[in-house]
Amino acid sequence: NYPLRDMYKRQMLYWGLAFFLTGAGLNVTCLNCMVTQLFKPNDSRREATFLWNYSGMNIGFFVGFSMSGHFQLTGEYSKLFMWSGIGYIGALCLLAIHWKKLADRHTILTRASSAQRLKRGWFGLILIVLMIPAIHFFTLHAGLSNNLVLVGGALMLLFLAVLAFKQSIEARRKMFAYLIFSLAALVFWSLYHVQVMGLTLFIEHNVANTVFGYVIPPQWVQNLNTVVIVIGAPLLSVAFRHLRERGFEISLPFQFSMALLLIGLGFVIMPWGIALANPEGLTNFNWVVACYICQSLGELFLGPIGYAMIGQMAPISLQGVMMGTWMMLSGVGGALSHYFSNMMISDVSSSPLLTNPSFSHTFGLIGWAAVAVGVLLLLSFPWVYALTHGKSLKEIKFMKKWNQLEKTDVEKQTLGV
């Protein structure tokens, strides 16, 4: 009865989304760049710091998912938005209090004059203001937005490949390693974002999601991911430190391979669970729990590790661009996951007995694809490992032999004394 009022409400929703997405994109990218600035390229503490930081961020995700699930059940979305706004006001107060501690360190801005900083600041502010109407437009044209994200991701990777040839030999090799890890991350995030669309709908329509008499909203299922990361990230940090103190080397190629193998395993087991569904076609909730745990463990080996990698792989002048591109890969993965999800959700309103075969086929297909990429990365381990150190494969082999000889000489000297 009030078409103008309804149209106004829809427009306000989309403008709210535009402001939110602009802020969220800037927040996560800038936060990771700030943490990167704290450490020199070969500082072993960087990885542990990013793991703890990732754990902290997921505490926020846990609160967000819990609130979303509660207000979805009650339908009081205005209260959800109000409490979210209060949380952001609190975060802004914290930033204001600790502003001096958050200053740039060892960046282009620290070396610039006052006039250059002012010019760059105004340029950045204008870009941010222009982003808001641009994102508002893209929220209204999802198909165009997806295609532009895919094209933009490809162009950024190509741009970095061209820039790599203009660097020194060592920096060039490290940037090539970054590009290889970027492709691996693209596969990972494409599968990871399937849980937001396809897997969420599977849980809602094809899973017996009643536990001890309580209905579990799909948003609360996301908390499985956050709990594993909040607990697992600090534990993984401690485990890595102890293993390295005992002489074990946990390299980037190994960690990225583990991420792909684990997320692949999470999807590979789902067809087994679907095959064991009850007579109504509803899959046991425990299979979803196992899937989420595998995905979360895989995320621990790639999410925070990828952020920490930027400081090691990127030249100082390109850290911002490479961090932004790394964040963009998650968006590209989300755009690609749209196609995977469409393979399984043609008609979710039908009986689970009719839609289970489609879900089972797609879960198995993308799961084995991730496992295959993980195995391929493991097989190319020596070459990629050398690139991460800015060396050729021959140089790495020589360095290992030299270290063994050096250790033998020390032992001989000790025995002689």
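**Exercise 1. Is Cys-93 buried, partly exposed or exposed, and what is its relative accessible area?**

Solution. Keep in mind that we're working with a predicted model. Start with the number: the relative accessible area of Cys-93 is 43%. Now bring in the cut-offs: buried means under 20%, and exposed means over 50%. The value for Cys-93 falls in between, so this residue counts as partly exposed.

**Exercise 2. Find out how many disulfides the structure holds, then check Cys-33 and Cys-93.**

Solution. The count is zero. Take Cys-33 next: the nearest cysteine sulfur belongs to Cys-30 and sits 6.4 Å away. A disulfide needs two cysteine sulfur atoms within 2.5 Å, so Cys-33 is in none. For Cys-93, the nearest cysteine sulfur is again that of Cys-30, here at 19 Å. Cys-93 is in no disulfide either.

**Exercise 3. Place His-193 in the chain and describe its surroundings.**

Solution. Begin with the address: His-193 is in the loop that runs between α7 (169-192) and α8 (198-206). Next, accessibility: His-193 has a value of 18%, and the cut-off for buried is under 20%, so His-193 counts as buried. Then look for partners. Setting aside residues up to four places away in sequence, His-193 touches Ser-330, Gly-333, Gly-334 and Ser-337. With one of these, Ser-330, there's a polar contact from side chain to side chain, at 3.1 Å.

**Exercise 4. Describe the largest nonpolar core and follow one of its residues.**

Solution. This core has 73 residues. Tyr-178, Phe-256, Met-309 and Trp-326 have the most contacts inside it. Helix α13 (residues 285-313) supplies the largest share, 13 residues. Now follow Phe-256: beyond four places in sequence, its contacts include Phe-181, Phe-301, Ile-305, Met-309 and Trp-326. As background, nonpolar side chains tend to be buried together in soluble globular proteins.

**Exercise 5. Explore helix α5, starting from Ile-128.**

Solution. Ile-128 belongs to helix α5 (residues 114-140). Its relative accessible area is 31%, which makes it partly exposed. Leaving out neighbours within four places, Ile-128 is in contact with Thr-22 and Leu-26. Compare sequence and space for Gly-23: it's 105 residues from Ile-128 along the chain, but 9.0 Å away, C-alpha to C-alpha.

Now turn to the packing of α5 with helix α6 (residues 142-164): the angle is about 115°, and the axes are 5 Å apart. On the α5 side, the contact is made by Phe-137, Phe-138 and Leu-140; α6 brings Ala-142, Leu-144, Ser-145 and Leu-148. Sort these residues and you get six nonpolar, one polar and no charged.

Note on methods. Residues numbered from 1 in each chain as written. Predicted model: local features only at pLDDT ≥ 70, side-chain atom pairs only at ≥ 80, totals over all residues. Heavy atoms only, no water. Helix = DSSP H or I, 4+ residues; strand = E, 2+ residues; numbered from the N terminus. Buried < 20%, exposed > 50% of the residue type's maximum accessible area, 1.4 Å probe, protein only. Polar contact = N/O pair within 3.5 Å; in protein donor to acceptor, adjacent residues only side chain to side chain. Contact = heavy atoms within 4.5 Å. Core = buried A, V, L, I, M, F, W, Y, C linked by side-chain atoms within 4.5 Å. Axes fitted to C-alpha atoms, helices over the stretch in contact; angles between N-to-C directions. Nonpolar A, V, L, I, M, F, W, Y, C, P; charged D, E, K, R; others polar.
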